[in-house]
Amino acid sequence: MRTEPDTGRRKALKLALGAAALAVDPGLFLIAAPAQSRPAGVAASDSQRWGLLIDVSRCAEGCTRCVQACSAEHGWRGGGPPGLDPQWIRVLSATDPETGRSVRAPLMCQHCARPPCADVCPTKATFRRADSVVLVDRHRCIGCRYCVMACPFGVRFFLGDNVSDRERRSPRGKGTAEGCTLCVHRIDEGRQPACVEACPGAMMFGDLNDPKSPIREVLAGQGARRLRGNLALGQGVQYRGL
Amino acid sequence: MTAIAFDNLTASPRRLWPAVIVLGAALLAGGLAVLVIETQGHHVTGMTNRVPWGLPHVVAYFLILSASGALNVAMVASVFRQKAYEPLAPFSALLAIALLAGGLSILVLDLGRPDRLTLTMQSPNPRSIFAWNVVLYTGFVAITAAYLVTLLDRRFARFFGVTSNAAFLWRFVLTTGTGLDLGILIAREELNSAVFAPMFISFSLTFGLAVFLLVLPAAAWLSGGAPDHALMQRLGRLLALFLAVSFYFSAVTHAFNLYAVPTRSLERFLLFQGDLYTVLFWVGQVLLGTVTPLLLVYRKQPIAAAAAVVLGALATLYLYVIVSQAYPQPVLPGLQVTSAWGDGSVASYGPSAAEFFLGLGGVAVALAALLAGCLLFRIVPIDLARAAAPSAALRAAA
């Protein structure tokens, strides 16, 4: 007589194995507990330095969940002619011409400690928050696009069209600059950025200033690299496996 | 400074009205372009997020650089005490202010939110060269206007030395700021160099003098006269000298970028594989903008040489501004990168009609301001032909 497999026991076993793996090596899968939320009315402080760690070896071929999650969260829509529509996060396919090795890597605002976009902004509309999240104050932006010119990663955008279906949590306006906000509205509530939530295992979010945070432990143990490190911009976004 | 009589431009109505109508049409077209861009959004232009600065910025850079260069004649007269140029010093200063107004009008009206311009003065970012440029532009207009007043009004003549020297120094600081707009961009390795400051100073000397050489005969034509032949020849030779220095700087940047590994592929693209860009460099900048005017000056045709310099100037600035954006940024150096957004490939850019008319409108603003200034104020020498006058003095100096 055939019996139904005990799926509940299998799930429990998988969870136990996963927990054991994370306890031994938190970098095996990039999963971190939600960061601590900041009480309402308390300003961001430089005691925290938010960052992202992206394991490109876990970025699956054809997957765009991070892009879709960001688009849904912030209300931007890509898909127009290349380079025309803002695309706060996009996936790069990169191949080493010598070895033929290919990787995929999501690219968004790198949240630099020394952001060139904020340096060039004439009105301080682009600014770095105390916890190193780089943002644009849409009410101060004059739409000169100097920040778009100054970004070495091509992740700062200018909205040249009317916005019909904007999200309240993510203000956008025609004639102003915009880019990834690291989902400040979420992280201030102690939640993960939308892209990280959509891609557990390949993206990890956390406090780079906290030596005991999982992201710091993984970085300390396994290392990662910043894009165009020669520019010494001190990005909050780092990549493993490039 | 010797006493020279100046008067309003006495333009012949048969020549003035066609000029006014043409300028009015260009201003109207520019105004309509601004209306379309600001109501519809910048998606009606050819500019994209890959190429956020386009033709309007090229024309604006040309006018702003020309503004400080247009002051050449006034500075030669007032700082270097060359009496032969004194009759044209006020015209030179007015042209400088008018060109700056034209260039700035393009930059301001191309903004995504021009209504917020005052924020650049209310809370400027001291780390931003743009914010500094607002001070430099405003200061240039104020100092040049003060220079003009001390030049024309004998009551303030005792300040003439201060204003003329201040204007002379300020124009170099101004153009240094304009050059560093591009030079400080670490994201664009082919631009990221302090050499853009002296190179843009040389460009300003060249472009401004070329514009002066075109505008002076036009103003003379309106009043039925003609500029002094000896003066034009002398300015033509000066133009050739400035042009040679400009080309030297430009050649050095291109040679350096061809040699340096990080910029080599971009430079090869520009010089040999860039289709329209390559044609613009070899035909526009080198042949039309450099070789031709040098030959024309040698053949004693300074006006034609100046016209060729202006066309070459637009090609030169177009290449510096556009190619640095269109060529893909090395986000992952050494790897071949692709994406749905166009990473790794050359971005396409073609100016739209709205951009063209916005640029044309800026030129019209400059020329209209110059014409209005000449008609309203006693700026031009009583006899423009005589203005250029002291041919004997010039020949003696030569």
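Biologist: How many cavities of 30 Å³ or more does a search of the whole structure find?

Modeller: The search finds seven such cavities. Please bear in mind that this is a predicted model. A cavity is a space where a 1.4 Å probe fits but cannot get out, whereas a pocket is open. The largest cavity here has a volume of about 140 Å³.

Biologist: Which residues lie nearest the centre of the largest cavity?

Modeller: They are Gly154(A), Arg50(B), Gln329(B), Trp341(B) and Asp343(B), out of 17 lining residues. By class, the lining of this cavity comprises seven nonpolar, five polar and five charged residues.

Biologist: Let us turn to the pockets. What is the volume of the largest pocket, and how many residues line it?

Modeller: The largest pocket encloses about 870 Å³, and 33 residues line it. Nearest its centre are Leu23(B), Val215(B), Val363(B), Ala364(B) and Leu367(B).

Biologist: Which helices supply at least two residues each to that lining?

Modeller: In chain B, these are H1 (13–40), H2 (55–70), H4 (89–109), H8 (196–222), H12 (302–326) and H13 (353–376). H13(B) provides the largest share, 10 residues. In character, the lining of the largest pocket has 32 nonpolar residues, one polar residue and no charged residue.

Biologist: How do the residues lining the second largest pocket divide by class?

Modeller: That lining holds 14 nonpolar, nine polar and six charged residues. The second largest pocket has a volume of about 590 Å³ and is lined by 29 residues. Pro262(B), Ser265(B), Pro328(B), Gln329(B) and Pro330(B) lie nearest its centre. Helix H10 (261–273) and strand S2 (336–338) of chain B each contribute at least two lining residues, and H10(B) gives the largest share, six. Gln329(B) thus appears in two settings: close to the centre of this pocket and among the residues nearest the centre of the largest cavity.

Biologist: How should I read a nonpolar core, and which members of the largest one touch the most other members?

Modeller: In soluble globular proteins, nonpolar side chains tend to be buried together. In this model, the largest nonpolar core has 122 residues, and Tyr146(A), Phe91(B), Leu182(B), Phe200(B) and Leu317(B) touch the most other members. The largest share of this core, 16 residues, comes from H8(B).

Biologist: Which residues does Leu317(B) touch, leaving aside those up to four places away in sequence?

Modeller: Leu317(B) touches Val58(B), Tyr61(B), Phe62(B), Leu65(B), Phe200(B), Phe203(B) and Phe207(B). There is also a second, separate core of 55 residues, including Leu52(A), Trp88(A), Cys121(A) and Cys147(A).

Methods
Residues are numbered from 1 along each chain as its sequence is written. Chains are lettered from A and ligands numbered from 1 in the order in which they are written. This is a predicted model: local features need pLDDT of at least 70, side-chain atom pairs count only at pLDDT 80 or more; totals for chains, interfaces and linings use all residues. Side-chain values use heavy atoms; hydrogens and water are left out. On a 1 Å grid over the protein atoms alone, a cavity is a set of points where a 1.4 Å probe fits but cannot get out, and a pocket is an open set with protein on both sides within 12 Å along at least five of seven lines; lining residues have an atom within 4 Å of a point. Grid points are joined across faces, edges and corners, and a volume is the space filled by probe spheres set on the points. Helices (H or I, at least four residues) and strands (E, at least two) are DSSP runs, numbered from the N terminus. Ala, Val, Leu, Ile, Met, Phe, Trp, Tyr, Cys and Pro count as nonpolar, Asp, Glu, Lys and Arg as charged, and the others, Gly among them, as polar. A nonpolar core is a set of buried Ala, Val, Leu, Ile, Met, Phe, Trp, Tyr and Cys residues joined through side-chain atoms within 4.5 Å. Buried means under 20% relative accessible area, exposed over 50%, partly exposed in between (1.4 Å probe, protein chains only). Contact means heavy atoms within 4.5 Å.
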